[in-house]
Amino acid sequence: MPVEIKRIYDEPGAADGTRILVDRLWPRGLSKEKAGFDLWMKDVAPSSALRKWFDHKPERWPEFQARYREELQGNPALEDLTERVAAGKVTLLYGARNREFNHAAVLADVLENGL
């Protein structure tokens, strides 16, 4: 089943299924009431060190993807997320401004195609 990704700031849609926030940090300027998510899985997000190193710089994107995939190997949170995806429609929510170079895109690819 395909995994969708959306910014947490985007309006929820009827076709989103289970909306899972996959950021380690709470999104700036967003109240919990307006967030509109079902579950927060911060343990599946990149480590703080990796997130800070990447700094959403496009030139670091290939290396970030490789490092993040390494972090996901053996991560019990990924196993839990994989089971949720198998059970039904899931939309991964992230707070980054960049819609192309963000960890949710990597995570969606891992969920659909494996590590």
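Two strands are said to pair if DSSP finds at least two bridges between them. By that criterion E2 and E4 pair in the parallel sense, over 4 bridges. The model described here is predicted. It contains an open sheet of 4 strands, and its largest nonpolar core has 26 residues. This briefing treats the sheet, the strand E4, the cores and the helix packing in turn.

**The sheet**

- The strands of the open sheet follow the order E1-E4-E2-E3, with parallel pairing.
- Strand E1 (3-7) and strand E3 (39-40) form the edges, each pairing on one side only.
- E1 and E4 run parallel and are joined by 5 bridges.
- Within the pairing of E1 with E4, Val-3 stands opposite Val-90, and Arg-7 has Tyr-94 as its bridge partner.
- On the E2 side, Thr-18 has Val-90 of E4 as its bridge partner.

**Strand E4**

- Because 5 of the 5 residues of E4 are buried, this strand is largely enclosed by the rest of the structure.
- Val-90, Leu-92 and Tyr-94 point one way from E4, while Thr-91 and Leu-93 point the other way; all are buried.
- Helix H4 lies across E1, strand E2 (18-21), E3 and E4, and runs at about 135° to E4.

**The nonpolar cores**

- In the largest core, the residues that touch the most other members are Val-44, Leu-81, Leu-92, Leu-107 and Leu-111.
- Two or more residues of this core are given by each of helix H2 (48-54), helix H3 (61-72), helix H4 (76-87), strand E4 (90-94) and helix H5 (103-113).
- H5 provides the largest share of this core, with 6 residues.
- Leaving aside residues up to four places away in sequence, Leu-81 touches Ile-20, Met-41, Val-44, Leu-92, Leu-107 and Leu-111.
- Another core, of 5 residues, lies apart from the largest one; Ile-8, Leu-30, Ala-35 and Leu-93 are among its members.

**Packing of H4 against H5**

- The axes of H4 and H5 are 10 Å apart, and the two helices pack at an angle of about 65°.
- Angles of 65 to 115 degrees count as roughly perpendicular, and H4 and H5 are therefore roughly perpendicular to each other.
- The crossing of these two helices, H4 and H5, is right-handed.
- On the H4 side the contact is made by Leu-78, Leu-81, Thr-82 and Val-85, and on the H5 side by Leu-107, Val-110 and Leu-111.

**Packing of H3 against H5**

- H3 and H5 cross at roughly 55°, and their axes come within 10 Å.
- H3 and H5 are therefore oblique to each other.
- H3 also passes H5 in a right-handed crossing.
- From H3, the residues Trp-61, Phe-64, Gln-65, Tyr-68, Arg-69 and Leu-72 meet His-103, Ala-105, Val-106, Leu-107, Asp-109 and Val-110 of H5.
- Leu-107 and Val-110 of H5 thus appear in the contact with H3 and in the contact with H4.

**The loop between H4 and E4**

- Gly-88 is found in the loop that lies between H4 and E4.
- Buried means under 20% relative accessible area; Gly-88, at 18% relative accessibility, therefore counts as buried.
- Gly-88 and Arg-51 are 37 residues apart along the chain, and their C-alpha atoms are separated by 29 Å.

Methods
Residues numbered from 1 in each chain as written. Predicted model: local features only at pLDDT ≥ 70, side-chain atom pairs only at ≥ 80, totals over all residues. Heavy atoms only, no water. Core = buried A, V, L, I, M, F, W, Y, C linked by side-chain atoms within 4.5 Å. Buried < 20%, exposed > 50% of the residue type's maximum accessible area, 1.4 Å probe, protein only. Contact = heavy atoms within 4.5 Å. Axes fitted to C-alpha atoms, helices over the stretch in contact; angles between N-to-C directions. Parallel < 35°, antiparallel > 145°, perpendicular 65-115°, else oblique. Left-handed = near helix turned anticlockwise from the far one by under 90°.
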